[in-house]
Amino acid sequence: MDELGPTPPSSEIISESHYLRRREFLRNAALFAATATTVAGSLRFLTRGRRVTDRTAKEPATLATLDVARHVENAGGEEATPERDVSTYNNFYEFGTDKSDPSANAPATLRPRPWTVTISGEVEKPGEVDIDQLQRWFPLEERVYRMRCVEAWSMVIPWVGFPLGDLLRRVGPTSRAKYVQLTTLLDPEQMPEQTGRVLDWPYVEGLRLDEAMHPLTLLAVGLYGKTLPAQNGAPLRLVVPWKYGFKGVKSIVEIRLSETQPRTTWNLAAPNEYGFYANVNPAVDHPRWSQASERRIGDLHRRPTLPFNGYGEQVASLYSGMDLRRLF
Ligand SMILES: Nc1nc2c(c(=O)[nH]1)N[C@H]1C(S)=C(S)[C@@H](COP(=O)(O)O)O[C@H]1N2
Ligand SMILES: [Mo]
């Protein structure tokens, strides 16, 4: 939080992890041990003047420049949040619950190549595909989107990726397919906090099939014109710009189509706080804070939050006839 300049008033520093406080307290001993290890690691770094890694950890990959076929601006002309903030202020609990944990930890242990994505369930063509092959199936687009975290901060991010709908059309949903579930890697060696119980692992998210097919829904493989940094969910993550950020599941290994609504991590953890739909809605407060306004990272002042995060014209029709107050 400190790296971002002015510290917001403490009323704004609200975390999805608040509900976990008691569990975190119970885990304190374990956390303390983990911190001690990290500190020991940095000390070795300082004394030897170079990064010390264990045999399984890989040097952080240099992020390759991606060939982008077209550029779509979809953030109302607003300037993008600086790359440094996008890649150092993160939520990725598999690497720790502080905003600075993912960038400090993920590049050392997450190995985004080689990487296989499994496509399963109610599809005509199930199977496994290598991430590099998957990336070649579709022309990559740069999409500049607003991202609104449920914690009431937001950013503007230039993603690189392709529509999830293009992939779904390619594999062919069966007539029974009504939902899509996307699952993060489960591997405590690469994602050390999966040894703890801060959430039920692996992290899973889901969409209704029509939401998944919507042209705004993106599978991102990069940001700022380069391969995704580990901490942002390399090598493949979901971006649904009209929903709260927690829907944007990272480091995806499986995409499963189903007839019934899939379980989703935050909804399981705190069903009265995080819904399956989780559409950005300033009129429906989180039980513990207001969602009426937000702080754009880098701004001093809060701004009003827009219904559907400003994408209502494109997506509101998906929910016609449904009670929006219930779609939190
Ligand atoms: N696997 C996984 N995916 C995740 C999370 C997580 O903890 N684990 N955090 C979510 C939350 S709460 C947000 S706001 C976004 C943050 O994405 P960013 O760090 O790239 O900005 O990732 C989402 N995807
Ligand atoms: Mo979030």
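Student: Which kind of Tyr93 atom lies 2.8 Å from an oxygen atom of ligand 1?
Tutor: Keep in mind that this is a predicted model. Tyr93 is among the residues that come nearest to ligand 1. The partner of the ligand oxygen at 2.8 Å is a backbone N or O atom.

Student: And where does the contacting N or O atom of Asn90 sit?
Tutor: Asn90 is also one of the residues that come nearest to ligand 1. Here an oxygen atom of the ligand is 2.8 Å away, and the N or O atom on the protein end belongs to the side chain.

Student: What is the distance between Thr184 and a nitrogen atom of ligand 1?
Tutor: For this pair, look at the side chain of Thr184 and pick its N or O atom. A polar contact needs the two atoms within 3.5 Å. The distance to the ligand nitrogen is 2.9 Å.

Student: How much of the accessible area of ligand 1 does the protein cover?
Tutor: On its own, ligand 1 has 530 Å² of accessible area. There are 17 residues around the ligand, with Gly248 and Lys250 among those that come nearest. The covered share is 99%.

Student: Where does ligand 1 sit?
Tutor: Sitting in a cavity takes more than half of the ligand's atoms within 2 Å of the grid points. Ligand 1 is placed in the largest cavity.

Student: On how many sides of helix 4 are the buried residues?
Tutor: In helix 4 (residues 101-109), the buried ones are Asp101, Pro102, Ala106, Ala108 and Thr109. They cover an arc of only 165 degrees around the axis, so they share the same side. In general, an α-helix has 3.6 residues a turn, so residues three or four places apart point the same way. For helix 4, then, the buried residues sit on one and the same side.

Student: Which residue does a cis peptide bond join to Arg113?
Tutor: Omega is about -10 degrees at this bond. The partner is found in the loop between helix 4 and strand 2 (116-121). That partner is Pro114.

Student: What is omega for the cis peptide bond between Ala234 and Pro235?
Tutor: Pro235 is in the loop between strand 9 (226-227) and strand 10 (237-239). Omega at the Ala234 bond is about 0 degrees.

Student: Is Ala278 buried or exposed?
Tutor: Ala278 has phi near 50 degrees, a positive value in a residue other than glycine. Its place is in the loop between helix 8 (265-269) and strand 12 (293-296). Buried means under 20% relative accessible area. At 0%, Ala278 therefore counts as buried.

Notes: Residues are numbered from 1 along each chain as its sequence is written. Chains are lettered from A and ligands numbered from 1 in the order in which they are written. This is a predicted model: local features need pLDDT of at least 70, side-chain atom pairs count only at pLDDT 80 or more; totals for chains, interfaces and linings use all residues. Side-chain values use heavy atoms; hydrogens and water are left out. Buried means under 20% relative accessible area, exposed over 50%, partly exposed in between (1.4 Å probe, protein chains only). Helices (H or I, at least four residues) and strands (E, at least two) are DSSP runs, numbered from the N terminus. The arc is that of the directions from the helix axis to the C-beta atoms. A residue is near a molecule or strand if one of its heavy atoms lies within 4 Å of it. A polar contact is a pair of N or O atoms within 3.5 Å; within protein, one must be able to donate a hydrogen and the other to accept it, and residues adjacent in sequence count only if both atoms are side-chain atoms. Accessible areas come from the Shrake-Rupley method with a 1.4 Å probe; for residues, only the protein chains shown count as cover. On a 1 Å grid over the protein atoms alone, a cavity is a set of points where a 1.4 Å probe fits but cannot get out, and a pocket is an open set with protein on both sides within 12 Å along at least five of seven lines; lining residues have an atom within 4 Å of a point.
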